[in-house]
Amino acid sequence: GDYISLGWFERDDVALAIEWVRAAGAGAVALWGRSMGAASAVMHTARDPTVAGIVLDSPFASLEQIALELVADAGQRFEGVPNFPSFLVKGALRMVAS
């Protein structure tokens, strides 16, 4: 896709994949995810106690850290996108969290 939500909406993709696997007759389901896939797996597992286990390879440890890294060089990576000062990103994350 064109957009990512750092695992938040992607967790719904995980739910659909599990639904499909279970409909095909699978027994216990375990998840393995790397990077954002790991974040998606853990976010889904938090709401689905039927997941038998998870293996998380290199998930991001801090939403604030990953958000700051993504916007730090956005102006250089994407034409027409401004660089955002870190205090704006931190403020926006505090607003979302509250």
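Contact here means heavy atoms within 4.5 Å, and helices (H or I, at least four residues) are DSSP runs numbered from the N terminus. These close-ups come from a predicted model, in which local features need pLDDT of at least 70, side-chain atom pairs count only at pLDDT 80 or more, and totals for chains, interfaces and linings use all residues. Residues are numbered from 1 along each chain as its sequence is written, and side-chain values use heavy atoms, leaving out hydrogens and water.

**View 1. The buried face of helix α3.** Let's begin with α3 (residues 63–72), where I66, A67 and V71 are buried (under 20% relative accessible area, 1.4 Å probe, protein chains only). Seen down the axis of α3, its buried residues fall within an arc of 125 degrees (taken from the directions from the helix axis to the C-beta atoms), so they line one face of the helix. The cover over these buried residues includes α4 (74–77) and α5 (86–97).

**View 2. S40 in helix α2.** Here S40 sits in α2, which spans residues 36–45. S40 is buried, at 4% relative accessible area. Beyond its neighbours within four places in sequence, S40 is in contact with G7, E10, R11 and V14.

**View 3. L31 and its surroundings.** Which residues does L31 touch, not counting those up to four places away in sequence? They are V14, I18, A41, H44, T45, V51, G53, I54 and V55.

Notes: Helices (H or I, at least four residues) and strands (E, at least two) are DSSP runs, numbered from the N terminus. Buried means under 20% relative accessible area, exposed over 50%, partly exposed in between (1.4 Å probe, protein chains only).
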